[in-house]
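Opening my notebook on this protein. I'll jot things down as I look them up, beginning with the surface and then going residue by residue.

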Amino acid sequence: MNISYDIFDLADFPVVLTDRNFIITYKNNLAAKLFGKLRKRSKIIRHFRNFNNSMDFSDINELDIETGTHFMRALVFPIEDNSLVFLFFTIYAFTDTKNLLEHVREHFAGNLLDFYCAAYSEYNSAEKASFYEKSVLSERAYSELMFLSSSFSDKPEFMCAEVFSLNDILDEMTKKLSLLSPFGLSIHYPVDYGEPCYSKINLKYFTFSIFRLIYMAFKLSRTGKLQLKTETVQDSFVYVTVSTESALTGNFSGETDFSSLVAMLPEFSFEFEILGKLGILEDSFSFSIKNSILQLYYKVKLQEGCNFIVRSEPPELRKKRIEKAVSEAFAKIKLLLSQIKKNP
């Protein structure tokens, strides 16, 4: 099965991948929506304004590109699987492109993704730190986050989190998943799930993560029957759990390293490498196997007390935002499941 790059759909800017001959192999949702002229399996270089054959694409480059939209700048750099990544921004996206590129070259060997992941990890650490911990840390502890924040004119997508009812999201996901019975998947989400769970999350990140666990559980299942539930732990965290009767051997008994499961799903190799660099993999994902029951966990922090602030908006609008995020993530997981059916 082909490697999935759907994690790029979490970005708030267009992303295009090509091979080393500049043939387009992947577009994220936003690029597919905006760039009709940039067709898959076509050459992207004819759209450049300042391309020349002497450019060294083993390093990060800045290119001007004609897209017919306000995204007229691309930062281009290689990744390990012999692909080139094109991240598209507006001409107003950066306060100082020259300093940004020099910083990425000096500290991250020209890999903008590594820079972005480092900034996210620092942001995540700051979000989890207590008031005292933040007060005694020097600014150098958050150097990449500060550099990212000062370089980009808009706040990065990963900083856009707000409080949601997880039960509302999981309800909507279950409705969508009921459409996958032709693939042999059935999922149960109990109606009496108890008290509502509220958490401050990025809606796109959350739906992406839970659908990835559902796909993993289905592919590693003996029956195709999955159960989805929430479980509060220590009154401050909640586990969203996907469980199934496992087809795995006893070799995984007692295993806790989530990457050992990821190794069995090469289609997710790129995405989970990124999640690892973000610090999300070991912090949020875990699993257990007991009596042949595989349980996959995604841990999120509960919101309560003075931290419990829900954005004021009409319920209908909030419902539509949840439906939109779930529908976009569902479309991707449906495509992955269809590939399993074609290539059992």
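**Entry 1: the whole thing.** I started with the surface: the protein exposes about 17400 Å², and carbon and sulfur atoms supply 51% of that. Note to self: this is a predicted model. I looked up the burial next, and of the 344 residues, 50% count as buried. The protein has eleven helices and twelve strands. I also checked how far along the chain the contacts reach. Taking contacts between residues at least 6 apart in sequence, 63% join residues that are at least 24 apart.

**Entry 2: helix H9.** I picked H9, which covers residues 269-278. Which of its residues are buried? I found Phe-270, Glu-271, Phe-272, Ile-274, Leu-275 and Leu-278. Then I wanted to know what covers them. The cover includes two strands, E4 (71-79) and E11 (285-290). It also includes helices H3 (112-128), H7 (203-219), H8 (259-262) and H10 (280-284). Right after H9 I ran into Gly-279, whose phi is positive, near 85°.

**Entry 3: just before H9.** I stepped back into the loop between H8 and H9, where Met-264 is found. Buried, exposed or partly exposed? Met-264 has 35% relative accessibility, so I put it down as partly exposed. I also looked up its distance to Leu-220: the two are 44 residues apart along the chain, and their C-alpha atoms are separated by 9.0 Å.

**Entry 4: Glu-122.** H3 turned up in the cover of H9, so I went there next and picked Glu-122, which is found in that helix. Its relative accessibility is 13%; because buried means under 20%, Glu-122 counts as buried. What does Glu-122 touch, leaving aside neighbours within four places in sequence? I listed Ala-141, Tyr-142, Ser-143, Glu-144 and Leu-145. For Glu-144 I have a distance too: its backbone nitrogen lies 3.0 Å from a polar atom of the Glu-122 side chain.

**Entry 5: H6 against H7.** H7 was also on my list of what covers H9. I looked at how it meets H6 (residues 166-177): the axes come within 12 Å and cross at roughly 50°. That angle makes H6 oblique to H7. On the H6 side, the contact is made by Leu-166, Ile-169, Leu-170, Met-173 and Leu-177. On the H7 side I noted Leu-203, Phe-206, Thr-207, Ile-210, Phe-211 and Ile-214. I checked the handedness as well, and the crossing is right-handed.

**Entry 6: Ser-165.** I then looked at strand E6 (residues 162-165), where Ser-165 lies. Ser-165 has a relative accessible area of 8%, so it is buried. Not counting neighbours within four places in sequence, Ser-165 is in contact with Cys-197 and Tyr-198.

**Entry 7: Asp-9.** Last stop: the segment before strand E1 (15-19), where I found Asp-9. Its relative accessibility is 15%, so Asp-9 counts as buried. Which residues does Asp-9 touch, beyond those up to four places away in sequence? I wrote down Tyr-26, Asn-28, Asn-29, Lys-204 and Lys-332. With Lys-332 there is a polar contact, side chain to side chain, at 3.4 Å. I also looked up Ala-31, which is 22 residues from Asp-9 in sequence and 9.3 Å away in space, C-alpha to C-alpha.

Terms used: Residues are numbered from 1 along each chain as its sequence is written. This is a predicted model: local features need pLDDT of at least 70, side-chain atom pairs count only at pLDDT 80 or more; totals for chains, interfaces and linings use all residues. Side-chain values use heavy atoms; hydrogens and water are left out. Buried means under 20% relative accessible area, exposed over 50%, partly exposed in between (1.4 Å probe, protein chains only). Helices (H or I, at least four residues) and strands (E, at least two) are DSSP runs, numbered from the N terminus. Contact means heavy atoms within 4.5 Å. A polar contact is a pair of N or O atoms within 3.5 Å; within protein, one must be able to donate a hydrogen and the other to accept it, and residues adjacent in sequence count only if both atoms are side-chain atoms. Accessible areas come from the Shrake-Rupley method with a 1.4 Å probe; for residues, only the protein chains shown count as cover. Axes are lines fitted to C-alpha atoms, for helices over the stretch in contact, and angles run from 0 to 180 degrees between N-to-C directions. Angles under 35 degrees count as roughly parallel, over 145 as roughly antiparallel, 65 to 115 as roughly perpendicular and the rest as oblique. A crossing is left-handed if the near helix is turned anticlockwise from the far one by less than a right angle, and right-handed if clockwise.
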